[in-house]
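Here are my notes for you to read with the model open beside them. Take the points one by one and find each residue as you go.

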Amino acid sequence: MTALLPRRGLAQILALIVILAVDRVVSPQFFDLRLQDGRLFGSLIDVLNRGTPVALLSLGMVLVIATRGIDLSVGAVMAICGAIAASLADSHSLPVVLAAALGAGLVCGLWNGFLVAVLGMQPIVATLILMVAGRGIAQLITEGRIVTFSSPDLVWLGNGSVLGLPVPVVIALGMLILTGAVVRGSALGLLIEATGGNARASELSGVGTRAMILSVYVWCGVCAALAGVIAAADIMGADANNAGLWLELDAILAVVIGGTSLFGGRFSLVLAVLGALIIQTMNTGILLSGYPPEFNLLVKAVVVLAVLLLQSPKLSGFAGIAARLRRTKA
Amino acid sequence: MRGLPPVLITAIVLVAGFALCAVQFPNIASTRVVGNLLTDNAFLGIVATGMTFVIISGGIDLSVGSVIGFTTVFVALAIERWGMPPLVAFVAILALSAAFGAAMGAVIHVFDLPPFIVTLAGMFLARGAGFLLSTESVPITAPVYSTVSDFALRMPGGGRLTSVAIIMLVIVIGGALLLQLTRFGANVYALGGSRATAGLMGVAVGKMTIKIYMLSSLLAGIAGIVFSFYTSAGYSLSAVGVELDTIAAVVIGGTLLTGGQGSVIGTFLGVLIQGLIQTYINFDGTLSSWWTKIATGVLLFAFIALQQGLVALARRPRTKSLGAAT
C-alpha cells in the first residue's frame, strides 16, 4: 500500500477539501446521502459518477505523460468505442460488445504507440492524427446518426449499481487498483519513469523503452475505450460528434493537477484520479451554485494557471522556502 | 534551403489534387470556385500564418480558436450594444488580443512552462470570457459590414475576389516576407533550432517568445474580425476546434512541429488543400462531411511520416533516433 500512497499529495487533498467546503456552503445538502432501491444517491455520488470518464482517461494518460508523451486522441477514441458499443449492443451479448469496443481501443492505442515508439514521431503530432481522423471514423460507424440502443446489459453498465455504488464508479475503482497493482506492484512503474526521465540512458542500461512506450499508449487506448463505453451506456446512445469532446484536455488537466510533471519521469495514479475528482467537484459546485456553466471554463483556466505556476521550475525555489517556513512553524 | 522540399511536395499534392478534382468535376477549375475557396478559408489562412511562426519557433498555440470566438462576440457587442464605431472596436479587440498573446508568451518564458499547457489555459480563458460576454449569437447590422462583405474584385471568368480573401492574401504575403527577409524571421528559425543556442548567440529569447505569441494572438484577432465579416454575427461558440485545423494546415504545409523549419507559403498551400477537400466533398454531394476529417487525418499522417523519413535520412550518419523524442 505504501507504494500507492502519495508522497506529495497534501496540496491536492487540501484543494479537494477546500472545494468540497465551498460546495457545502453553496449547496447545504451537498453531503446528504440517501439509500433508495439499493443505491446511494446524493451530490457526492454524483460527483464520483460524473467524474468517472475523466478519471478513467487520466489513468491511461498519466502513464503516457510519465514517459514524456501525451495522448490527444483519447476523446476521439472514446467516440469510436462508444459508437462501436452502441451499434453492436442490441444484436450481440455484453461480452462480445465489450470485447469489440475494448479491442478497438487497443488497436487505436497500438497505432499511437507504433507512431511514437517505432516511427519516432513526436507524441503531440502522432496522436493529433487520430484526434483529427478519429471523430470522422466514429461518424463513419454511426453513419452520422446518434445511435441509440436499449440492451439492458449495457444500460446497467452506465446506470446500474453494485453494493449501492454506481457501476461506473466501481469500474473506475477496479481499474485504479488493477493499474496500481500492475504498475507499482512490479518494477514496471519504475521502468516507465526511467523511460520518461531519460529515454536514451534507459535504453542503454537495458530498459526496453520501445515496449514501455508502446504499452502505455495501448493501456491509454483501453482506458479511453472503457470511458467511451461507459459514456455511451450512460446516455443509452452514441453521439460521434460530442462523445468525449474536449475530454482529452480535462484528462491532461487532471494529470497535471495531480502533480505529474509534463516533462515525464514521475507519476502518481492516485493523485491523477484525485485531480479528475477535483475537476468534477468544481464542475458540480458551479452547477449547484446556479452560476451559468460557462463559468466552468474560466475557473478551470485559473486553476490550470495556479497549478502550473506551482509546478514551474523557476518557482520551485520559492516553494522550497515556503516549505521550510512551514516546517519551522510546525 | 530551409524547408524547401516539403513545400514543393505540398505544392505538388495541391496541384495533383486540383487536377484530379477538375477531371471529375470540370466546374471546379473556375475562378468562381477558386474565389469561394479563398473566401471560405480566409480566417483559417490568417490564423495559420500566425501559427506557422509559433510552430517554427518550437512552440504551439492552442488558444487561437477561442480568441477568434471571443473576438467575434466582443466586436458584435461593442458595435451593436455598446455603440462603439466599428473601427474603434477593431482597434480595441486587436490591442486586447495582442496583450493576451503577450501575456501567454511572458508566462511561457518567465516560468519556463510548456507552451502546450499554457496556451491550453489560454484557450479555456478566452472561451470562458467569450461565454461571459454573451452565450447567444449576436447579429451585426452596422453598415460597414455590408459594405465590406459586398466589396469584391472581379476576376476573369466571373469569380469574385472578396475583401476577406484580399485581407488574407495580404497577411499571408506579409507574413512570408516577415519570416524570410527580416531579422525577426531569422530569430524565429533560430529559436526553433535550439533555444539555448539562440540565446547564446545573442537572440533576446524572452522578448522573441513574447512577440511570437503576440503575433499569433493578434492574427487570431484579425481572423476573428474577418470571421465576423464572413458570418455578420458574433457567437461565442464560433471557431471551436479551429486550432486543430490550423495545426493540421501548418503541418501539411511542411513545417516541422519540432520547430526550426517551415514556411508561410507552405502553410497557405496546406490551407488550400484542406479547402479543396471540402470543396470536393461539396461537389460530390454523396460523401458526408466527416470524410473531410478522415482525409485530413490521412494527409497529416502522410506528411508527418514523410518528414520523419527525411529527418531520419538526414541524421542517419550520426545518431539513431530514439523512441521518445522530446
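## Notes on the two chains

1. Let's start with a single residue, A:Ala181. A:Ala181 counts as exposed because just 12 other C-beta atoms sit within 10 Å, and a residue is called exposed at 12 or fewer. Keep in mind that this is a predicted model. You'll find A:Ala181 in helix H7 of chain A, which covers residues 167-185. Now look for A:Ala83: its C-alpha atom is 30 Å from that of A:Ala181, and the two residues are 98 apart along the chain.

2. Stay with H7(A) and see how it sits against H10(A). The axes of these two helices come within 11 Å and cross at roughly 175°. An angle over 145 degrees counts as roughly antiparallel, so H7(A) is roughly antiparallel to H10(A). Which residues make the contact? From H7(A) they are A:Pro168, A:Ile171 and A:Met175, and from H10(A) they are A:Cys223, A:Leu226 and A:Ile230. Sorted by type, that gives six nonpolar residues, with no polar and no charged ones.

3. Next, zoom out to chain A as a whole. Its secondary structure adds up to 14 helices and six strands. The radius of gyration of chain A is 20 Å, close to the 20 Å that the globule rule gives for 330 residues, so the chain is as compact as a globular protein of that length. Along the principal axes, its C-alpha atoms fill a box of roughly 65 × 55 × 35 Å. Of the 330 residues in chain A, 52% are buried. Take the contacts in chain A between residues at least 6 apart in sequence: 78% of them join residues at least 24 apart.

4. Chain B gets the same set of checks. Here the secondary structure comes to 14 helices and four strands. With a radius of gyration of 20 Å, close to the 20 Å from the globule rule for 326 residues, chain B is as compact as a globular protein of that length. The box filled by its C-alpha atoms is roughly 60 × 50 × 35 Å along the principal axes. Buried residues are 53% of the 326 in chain B. For contacts in chain B between residues at least 6 apart in sequence, the share joining residues at least 24 apart is 80%.

5. How many residues does the largest nonpolar core have? It has 216, and those with the most contacts inside it are A:Ile80, A:Ala85, A:Cys223, A:Val229, B:Val47, B:Val226 and B:Leu300. Helix H10 of chain A (residues 209-235) gives the most to this core, with 19 residues. Try A:Ala85 for yourself: leaving aside residues up to four places away in sequence, it touches A:Val97, A:Ala101, A:Leu154, A:Val229 and A:Ala232.

6. From the chain B side of that core, pick B:Val226, which lies in helix H11 of chain B. B:Val226 counts as buried because it has 27 C-beta neighbours inside 10 Å. Again leaving aside residues up to four places away, B:Val226 touches B:Ala42, B:Phe43, B:Ile46, B:Val164 and B:Ile167. B:Phe303 is another story: it is 77 residues from B:Val226 along the chain, and their C-alpha atoms are 29 Å apart.

7. Helix H9 of chain B (residues 183-193) has several buried residues, among them B:Asn187, B:Tyr189 and B:Leu191. What covers them? The cover includes helices H3 (42-56), H8 (163-181), H10 (195-200) and H11 (205-231) of chain B.

8. Where the chains meet, 42 residues come from chain B and 45 from chain A. On the chain B side, the elements giving two or more residues are helices H6 (115-133), H12 (242-252) and H14 (290-315). That side divides into 30 nonpolar, nine polar and three charged residues.

9. Last, two backbone oddities. Most residues other than glycine have a negative phi. A:Met236 is not a glycine, yet it has a positive phi of about 55°. It lies in the loop between H10 and strand E6 (237-238) of chain A, and its 17 C-beta neighbours inside 10 Å make it partly exposed. B:Asp112 also has a positive phi of about 55° without being a glycine. B:Asp112 is in the loop between helix H5 (86-110) and H6 of chain B, and it counts as exposed, with 11 C-beta neighbours inside 10 Å.

Terms used: Residues are numbered from 1 along each chain as its sequence is written. Chains are lettered from A and ligands numbered from 1 in the order in which they are written. This is a predicted model: local features need pLDDT of at least 70, side-chain atom pairs count only at pLDDT 80 or more; totals for chains, interfaces and linings use all residues. A nonpolar core is a set of buried Ala, Val, Leu, Ile, Met, Phe, Trp, Tyr and Cys residues joined through C-beta atoms within 7 Å. A residue is buried if 20 or more other C-beta atoms lie within 10 Å of its own, exposed if 12 or fewer, and partly exposed in between; C-beta atoms are placed from the backbone. Two residues are in contact if their C-beta atoms, placed from the backbone, lie within 7 Å. Ala, Val, Leu, Ile, Met, Phe, Trp, Tyr, Cys and Pro count as nonpolar, Asp, Glu, Lys and Arg as charged, and the others, Gly among them, as polar. The radius of gyration is taken over C-alpha atoms; the globule rule is 2.2 Å times the number of residues to the power 0.38. Axes are lines fitted to C-alpha atoms, for helices over the stretch in contact, and angles run from 0 to 180 degrees between N-to-C directions. Angles under 35 degrees count as roughly parallel, over 145 as roughly antiparallel, 65 to 115 as roughly perpendicular and the rest as oblique.
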